[in-house]
Amino acid sequence: MQNLTHAHRELFQRSPDETFSSLAALHEHCLAQRTASHEDWVPPNRLTTRPLTTDQLLLAKGNVEVEKVDQWRPDVFHMNDWSFSQLCRLAGVSKDTVNQLTSDTACRVFGEMLPRTGKPLQLFTEGDRLRSIHAASYTRLHNAEVISMVREFAVDFQPPQTGVEGGTGLYAGEQDMFCFLIDPTGWAEINGEAFAPGFFVWNSEVGRRTVGISTFWFQAVCQNHIVWDATEVVEFTRKHTARVGEALADIRRILLELVEKRDARRDGFVQVVRKAMDTTLGSDAEEVEKLLGKQGITRDLAKRALEVAKEHGRFTVFALVDALTRIAQETKYVGDRNEADQKAARLLALVA
């Protein structure tokens with residue numbers, strides 16, 4: 001088993017305006033972004049840079065008069081950090097070096113270094129912003145297409161609990177999109193322990209990252225959005241080249257496999273839970289405490305679990321598993337929570 005930190009990294013990288021409360025809200029945002037964006041193919045010899053201020057450049061299609069670029073026009077674009085980085089790579093110059101130059105000097109550098117021959121370049125714009133610039137080999141897959149497919153085939157999945165920084169696991173910014181979804185009702189037994197299904201899916205319309213999915217079965221997710229004790233991890237990625245659209249079919253297939261396995265395992269897990277609700281571990285607290293000790297549960301934890309389990313009326317396997325789970329949720333440290341969850345899962349194995 002392994003601990004997955006993909007969503008953890010996203011949690012601490014995303015700003016509030018890149019965070020969405022639901023998959024529907026994220027989808028709506030990506031649809032609006034797609035509608036507002038435009039692709040334009042421009043011959044390399046038509047691209048120029050123009051100074052806006054002493055430290056800010058604009059990218060222009062053709063020879064634009066400098067004194068008129070302070071007003072928006074369809075052939076002049078502001079660059080963000082990503083599209084400026086792409087322009088520097090296209091020219092074969094260091095971004096750090098260009099950032100130390102005045103805009104007039106930087107314009108002369110790009111005038112000398114940008115390619116002037118070859119296939120047209122793809123400009124991807126939104127209003128007066130240049131989102132990305134690519135060679136002809138790049139093929140775009142829109143975030144909205146990926147999310148639409150997820151909404152159709154992963155209907156029972158939802159974001160995890162809100163993270164410590166307010167992160168929801170659903171993010172989209174200028175450069176990419178990332179979704180973290182789990183099925184909190186999909187618990188199933190794997191090798192005598194309880195796991196639930198989840199997955200990450202990601203994409204970038206501007207070439208910042210691949211399109212891909214990672215599915216897994218996990219035992220716990222903390223508020224730092226670390227996925228603990230994951231097993232059966234399956235990952236698929238694809239670059240944005242000519243046949244990137246086929247990635248949607250691959251992601252859909254992987255999602256369907258996860259859903260089908262969840263359904264089959266959940267049916268078996270339901271039977272185990274029913275049996276756990278009917279099976280008692282002893283007639284009195286002392287007898288049950290001894291049995292819990294044989295399962296590696298400390299005396300203090302066993303006493304607390306027995307106290308909580310009293311409300312069920314009988315010391316059934318289910319009552320004690322429920323008690324241990326509730327105690328784990330109140331535990332301060334992640335390691336202690338996971339240990340309590342694992343001991344609860346071992347009790348279920350007694351009736352599997």
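Colleague: Are α8 and α9 parallel or oblique to each other?

Modeller: Start from the angle between the two axes. This is a predicted model, and in it α8 (residues 285-294) and α9 (residues 299-309) pack at about 135 degrees, with axes 10 Å apart. α8 and α9 are therefore oblique to each other. As for handedness, α8 passes α9 in a right-handed crossing.

Colleague: Which residues in α8 and α9 meet?

Modeller: Look for the side of each helix that faces its partner. From α8 come Ala-285, Val-288, Glu-289 and Leu-292, and they meet Arg-299, Ala-302, Lys-303 and Leu-306 in α9. Sorted by class, that contact has five nonpolar and three charged residues, with no polar ones.

Colleague: Let's try another pair. At what angle do α2 and α6 pack?

Modeller: Helix α2 (residues 23-36) and helix α6 (residues 143-153) pack at about 150 degrees, their axes 8 Å apart. Angles over 145 degrees count as roughly antiparallel, so α2 is roughly antiparallel to α6. The crossing of these two is left-handed.

Colleague: And which residues of α2 and α6 make the contact?

Modeller: On the α2 side you'll find Leu-23, Ala-24, Leu-26, His-27, Cys-30, Leu-31, Gln-33 and Arg-34. The α6 side brings Asn-143, Ala-144, Glu-145, Ile-147, Ser-148, Val-150 and Arg-151. By class, the contact of α2 with α6 has eight nonpolar, four polar and three charged residues.

Colleague: Stepping back, how many helices and strands does the protein chain have?

Modeller: Eleven helices and 14 strands. For the overall shape, set the radius of gyration beside what a compact globule would give. A compact globule of 352 residues would come out near 20 Å, but this chain has 27 Å. The box tells you about the shape too: along the principal axes, the C-alpha atoms fill roughly 90 × 35 × 30 Å.

Colleague: What percentage of the residues is buried?

Modeller: Buried residues make up 48% of the 352. You can also ask how far along the sequence the contacts reach. Among contacts between residues at least 6 apart in sequence, 64% join residues at least 24 apart.

Colleague: Now for single residues. Is Asp-229 buried or exposed?

Modeller: Go by relative accessibility. Asp-229 sits in strand β14 (residues 227-238), and it counts as buried because its relative accessibility is 15%, with the cut-off for buried at under 20%. Then check what surrounds it. Not counting residues up to four places away in sequence, Asp-229 touches Met-1, Gln-2, Asn-3, Phe-195, Trp-217, Phe-218, Gln-219 and Gln-342.

Colleague: Where does Glu-232 lie?

Modeller: In strand β14 as well. At 29% relative accessibility, though, Glu-232 counts as partly exposed. Take a look at its backbone, too: phi is positive, about 50 degrees, although Glu-232 is not a glycine.

Colleague: What is phi of His-225 near?

Modeller: Phi of His-225 is near 60 degrees, again positive in a residue other than glycine. His-225 lies in the loop between β13 (220-221) and β14. Don't assume that a loop residue must be open to solvent: His-225 has 0% relative accessibility, so it counts as buried.

Colleague: One more loop. Which residues is Leu-101 in contact with, leaving aside its neighbours within four places in sequence?

Modeller: Ala-106 and Val-109. Leu-101 lies in the loop between α4 (95-98) and α5 (103-113), and at 28% relative accessibility it counts as partly exposed. To get a feel for distance, jump 27 residues along the chain to Asp-128: its C-alpha atom and that of Leu-101 are separated by 24 Å.

Notes:
Residues numbered from 1 in each chain as written. Predicted model: local features only at pLDDT ≥ 70, side-chain atom pairs only at ≥ 80, totals over all residues. Heavy atoms only, no water. Axes fitted to C-alpha atoms, helices over the stretch in contact; angles between N-to-C directions. Helix = DSSP H or I, 4+ residues; strand = E, 2+ residues; numbered from the N terminus. Parallel < 35°, antiparallel > 145°, perpendicular 65-115°, else oblique. Left-handed = near helix turned anticlockwise from the far one by under 90°. Contact = heavy atoms within 4.5 Å. Nonpolar A, V, L, I, M, F, W, Y, C, P; charged D, E, K, R; others polar. Buried < 20%, exposed > 50% of the residue type's maximum accessible area, 1.4 Å probe, protein only. Rg over C-alpha atoms; globule rule 2.2 N^0.38 Å.
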